[in-house]
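Open the model in your viewer and show side chains as sticks. This tour goes from one selection to the next.

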Amino acid sequence: MRFMEADRLTCEELLPGLLDALAEIPLAELESEKNPAIELFREHGGTNLVVPAAYGGLDATALQAARVVRALAAVAPSMAVATAMHHFSVGTLFGVAETFGAGTDLDDALLRQIARNRWLVASGFAEGRTEQGILSPTMEARPTAGGYLVSGSKKPCSLSRSMDLFTGSVGMRREDGSVEMGFLMLPATTPGIEVVPFWGSFALAGAQSDEVRLTDVEVTDAQILQPPADLLAELSELQQVGLIWFEMTVCATYTGIASALVQRVLDAKRGAAADRAALAVRIESAAALVEGLARRVMDGEVDNDTLATSLATRFTVQELVRTTVGEAVELLGGMAFVGSSDVAYLSAAAQAVAFHPPSRTSMIDGLLGYYAGEPLVVQ
């Protein structure tokens, strides 16, 4: 089997024609701020990859999703990073809505619209903020006579300029001063939602990771879902599942970006055969770790132990990606580096794996506690 063949075959099976359509576009154009990749992803049904079949989605398994994400990231890194957050948002949303959403704006009818209309869902959860919990609210809802006024912002927020729906956690302040968490879902065109330029780097500019700012957005009770107190255990389990999927998708994405450089080394036959083999083995080891995590999810092992495994996988993959990218750039040589921006770009884009939560410090503290017999809590 050729390098990454299983990933490409899975992608073609679920999203036929997408890889070929992306391959016709130069990398620099795919990675530009106004790139066509995200709309191609929508046109080929990528938005429905992890949507349950009962709602009209493709219902990809965790293993299939990981392989598709890797294949796409090797061709269009920004699109893969942006849509990874779509998958996380959709997975969290469907899980929450199916458990708590009856009779709200997050109920069956709206979920079916996501699949039918191929909507892109942006994540307003707190991921991406250093030292802040992944699902901690960055927005606050203040009670009013007709519902709530929501203010706050998410930055960076992938898909900010292509999103159809904006979803995330919101802090709901009570009369006694306490703050409880709710789940918010709003059309992107809702008055008071503004997209503000934020991302200043050329790397992954195509992910549309600008700031989404909410200023006194009027929402109804039905647009904020707050789980009942007696179901907080179920909410905790859903969050745990969401975090495992998040880490799995992040790992698949950056394994794919590094794989793009490895593919170039293999195609050009750069360096000694032993060097090329070692490079391929290293990134395939990262992919195997991701697939191992995916298989645990498929087996229903979405508990605290698997959450710990997802973190161990994440930071091992991060090191493997970093080492692979450095060695691949060296093997490709100076002429490849200066002859095109592609090598430098892929190298820079791969570094962003280190910026996704949780931070290394909080991960170490959490895992040390876990290995001492305490429940793992991700911060």
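**Aromatic rings and cysteines**

Select Phe-88 and Phe-246 to begin: both are buried. Keep in mind that this is a predicted model.

Now look at the two rings. Phe-88 and Phe-246 form an aromatic pair. Their centres are 5.3 Å apart, and their planes meet at 65 degrees. That makes the pair edge-to-face, because the angle is over 60 degrees.

Next, colour the helices that carry these rings. Phe-88 sits in helix α6, residues 77-100. Phe-246 sits in helix α8, residues 232-268. The two residues are 158 apart in sequence, so their pairing ties together distant parts of the chain. How many aromatic pairs does the structure hold? There are 3, the Phe-88 and Phe-246 pair among them.

Move to Arg-314 and Phe-315. Here a charged side chain meets a ring: Arg-314 lies over the face of Phe-315. The distance to the ring centre is 4.5 Å.

Now select Cys-11 and Cys-251. Are they buried or exposed? Cys-11 is buried, at 0% relative accessibility. Cys-251 is buried too, with a relative accessible area of 1%.

Draw a distance between their sulfurs. For Cys-11, the closest cysteine sulfur is that of Cys-251, 19 Å away. For Cys-251, the closest is in turn that of Cys-11. Why is there no bond between them? A disulfide needs sulfurs within 2.5 Å, so 19 Å is too far. The structure holds 0 disulfides.

Definitions and conventions: Residues are numbered from 1 along each chain as its sequence is written. This is a predicted model: local features need pLDDT of at least 70, side-chain atom pairs count only at pLDDT 80 or more; totals for chains, interfaces and linings use all residues. Side-chain values use heavy atoms; hydrogens and water are left out. Rings of Phe, Tyr and Trp (its six-membered ring) pair if their centres lie within 6.5 Å; planes under 30 degrees apart count as stacked, over 60 as edge-to-face and the rest as tilted. Helices (H or I, at least four residues) and strands (E, at least two) are DSSP runs, numbered from the N terminus. Buried means under 20% relative accessible area, exposed over 50%, partly exposed in between (1.4 Å probe, protein chains only). A charge sits over a ring if NZ of Lys or CZ of Arg is within 6 Å of the ring centre and within 35 degrees of the ring normal.
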